[in-house]
Amino acid sequence: MSGFHKDGKFCKQVFPIAGSTENQLSKSPILGGQPNRNFPSSIGGGAQVTQFRTFSRKEVRQFCDYDPSRDFDRCLREHQNVEPSVWTREQAEQIRITPDNVTNVINEPFPRISADLWIWDMWPLTTRDGSIAVLPGGWRVLFALSAPRSVLPGQRHDVARIAYWYSRDGLDWIQGGEVFPPGTALGSRQWAGSTMLDNDGTVYFFYTATGRRGETETTFEQRIALASSDVFSDLNGVLFDNFSAHQIILEPDGVLYQTQEQSSGGIIYAFRDPFFFKDPATGCEYLLFEGNVGGTADEIDCGPGVPPEANQFSGNIGIALLQNDNFTEWELLPALLEATCLNQQTERPHIVVRDGLYYLFTDSHEFTFAPGLEPGPGPDGLYGFVADALRGDYIPLNDGGLVITNPPQEPFQAYSWLVLPDFTVLSFIDNFNLQGIPIQQVGTLPAEFQFAHFGGTLAPTIQLAVDGATTQIVNELQFGLMTVSQTESPKCDLECPVIEGGASDGKAFDKLDKIFKVYKNLFDLK
Ligand code: FRU
């Protein structure tokens, strides 16, 4: 246990966040030397101005001394008698493609991360607080879903395996291979997840077990699974070994979250994409995931003026609270957000906290929006919402929620955006250079065409600027650049400086801090 809050009557931690990208980014020339439309030249290279965040003694203590089983009731309280925030059809009808959310066209030549694998749905190895981990030897690690490049791109989901890469500069990635020893992972294939390096060096892999191992026909059951391992790293590279047995840790309950049996065909249901999250304000630990509202479609009435078939669209962003030390027991909580009658898939949900505001992101496709929206469905894109607490009232960013999308002439060129703590964003190159061919047709075209128009590698990293409830793409960086960034959370190995002339006791200090935060959030949201 850290001893910094034993001394002195109060503790105020002040430390830089998100400034750690400055050197890396200013060294990275903008892709192809293209001037960026939006980027204010004074900030140059995508570097973020260093920000500071303070935490009260109580917040630091709660965060750093958190014990999942002892603090379970405290953590649960925040989630009792709550209703999910709602992403409404009215809000989604405000989605517009603007210079602030659209990316540049991607075309060949671009570097490929692997000679033999397609990759998509990537995520970094993070520390327990969500910062990007740097292992002995200086390595950052990236995980992704993968499939042999001999597989037709449209069929890759049926054979997906988790593979990993490591890099010292976040640009040149060395392929480490499949993560799990053959035949050990659950599911007939593995879908997206997240990976966390605990303080004692154990690595926890949260992933989606889709179908059942050994099944003869491909099924779409989804369960959330866990395996842990040791990690070995030195100047030569990175290796995961000594794996635990894999186990299922979460399944839908049919009340808060839809089961496979309750789903009605059409676009498949979801119970997938676990994202580990430690709330900086409380220390409580969660898995976020993509789900659907519990129950069947005919229990949903979308109301007057809405096509009745819109009731087939019930995506939500689920959340479960950790209950024990080894990450095996979780309690399903009411969803954070739901998109009933609006969207069937809110994929790969994740949170970034900045200035005490909770930015909740999810990926979604045009084809998963419900019918009857004016002026039309939202595009394939990264969508986001902001609230002033984990359980706050989430409002869509930029009115409709759209944060990043592809250029209208190539609407399917990238997908699966993942926002890192410094608001740089990873994604992968999907169906590029289609030149107007509708996405539904791609699968009917000759295999050579399908192979030639699928990227299956990392897209240019995007840099976002955020200001309250608005966001802006301010730069496009190199293909697949992963910066080292830290989350805005108490750092448990920092000393607690005694602040001269500050509040005279911890309680008063906590109170002042709270009032300050409330005001700050109010102003930021205006
Ligand atoms: C998003 C996604 C994820 C899922 C994976 C399957 O691209 O649909 O939700 O885990 O792809 O390949």
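**Overview of the model.** In these legends, a helix is a DSSP run of H or I with at least four residues and a strand is a DSSP run of E with at least two, both numbered from the N terminus. The model is predicted, and local features are described only at pLDDT of at least 70 and side-chain atom pairs only at pLDDT 80 or more, whereas totals for chains, interfaces and linings use all residues. Residues are numbered from 1 along each chain as its sequence is written, and side-chain values use heavy atoms, with hydrogens and water left out. The protein contains seven helices together with 25 strands. Of its 526 residues, 59% are buried, where buried means under 20% relative accessible area, exposed means over 50% and partly exposed lies in between (1.4 Å probe, protein chains only). About 21,100 Å² of the protein is exposed, and carbon and sulfur atoms supply 53% of this area; such areas come from the Shrake-Rupley method with a 1.4 Å probe, and for residues only the protein chains shown count as cover. Among contacts (heavy atoms within 4.5 Å) with a separation of 6 or more, 69% are between residues that lie 24 or more positions apart.

**Close-up of S228 in strand β10.** The residue S228 belongs to strand β10, which covers residues 222-234. With a relative accessibility of 15%, S228 counts as buried. When its neighbours within four places in sequence are set aside, S228 is in contact with T202, V203 and Y204, and also with N242, F243 and S244.

**Close-up of the ligand and the residues around it.** The ligand is surrounded by W120, D121, L145, H157, W191, A192, R272, D273, E290, E347 and Y415, a residue being near if one of its heavy atoms lies within 4 Å. An N or O atom in the side chain of H157 is 2.5 Å from an oxygen atom of the ligand, and an N or O atom in the side chain of E347 is 2.6 Å from a ligand oxygen atom. From A192, by contrast, it is a backbone N or O atom that lies 3.1 Å from an oxygen atom of the ligand. Taken alone, the ligand exposes 320 Å², and the protein buries 94% of that area.

**Close-up of the four-stranded sheet from β22 to β25.** These four strands make an open, antiparallel sheet in the order β22-β23-β24-β25, and two strands are said to pair if DSSP finds at least two bridges between them. Strands β22 (414-419) and β25 (470-479) stand at the edges with a single partner strand each, so one side of each has no neighbour in the sheet. From one strand to the next, the twist averages 30 degrees, with axes fitted as lines to C-alpha atoms and angles between N-to-C directions running from 0 to 180 degrees. Four bridges link β22 to β23 (residues 424-429) in the antiparallel sense, and Y415 has F428 of β23 as its bridge partner. The residue Y415 is also one of those around the ligand.

**Close-up of the five-stranded sheet from β3 to β13.** Here an open sheet with mixed pairing has the order β3-β16-β15-β14-β13. Its edges are β3 (85-86) and β13 (272-278), and because each has a single partner strand, one side of each is left without a neighbour in the sheet. The antiparallel pairing of β13 with β14 (residues 285-292) extends over five bridges, and K278 stands opposite E285 of β14.

**Close-up of strand β19 and its partners.** Seven of the seven residues of β19 are buried, so this strand is largely enclosed by the rest of the structure. In a regular strand, side chains alternate between the two faces of the sheet. Both faces of β19 are covered, with G381, Y383, F385 and A387 buried on one side and L382, G384 and V386 buried on the other. Seven bridges join β19 to the antiparallel strand β18, and S364 stands opposite G381. Strand β21 (residues 402-405) pairs with β19 in the antiparallel sense over three bridges, and T405 of β21 is a bridge partner of G381. Two bridges connect β19 to the antiparallel strand β20 (residues 395-396), where V386 stands opposite I395.

**Close-up of G378 in the loop before β19.** The residue G378 is found in the loop between β18 (357-364) and β19 (381-387), and with a relative accessible area of 3% it is buried. Apart from neighbours within four places in sequence, G378 is in contact with I95, E366, F369 and Y383. Although G378 and I95 are 283 residues apart along the chain, their C-alpha atoms are separated by 6.3 Å.

Conventions: A polar contact is a pair of N or O atoms within 3.5 Å; within protein, one must be able to donate a hydrogen and the other to accept it, and residues adjacent in sequence count only if both atoms are side-chain atoms.
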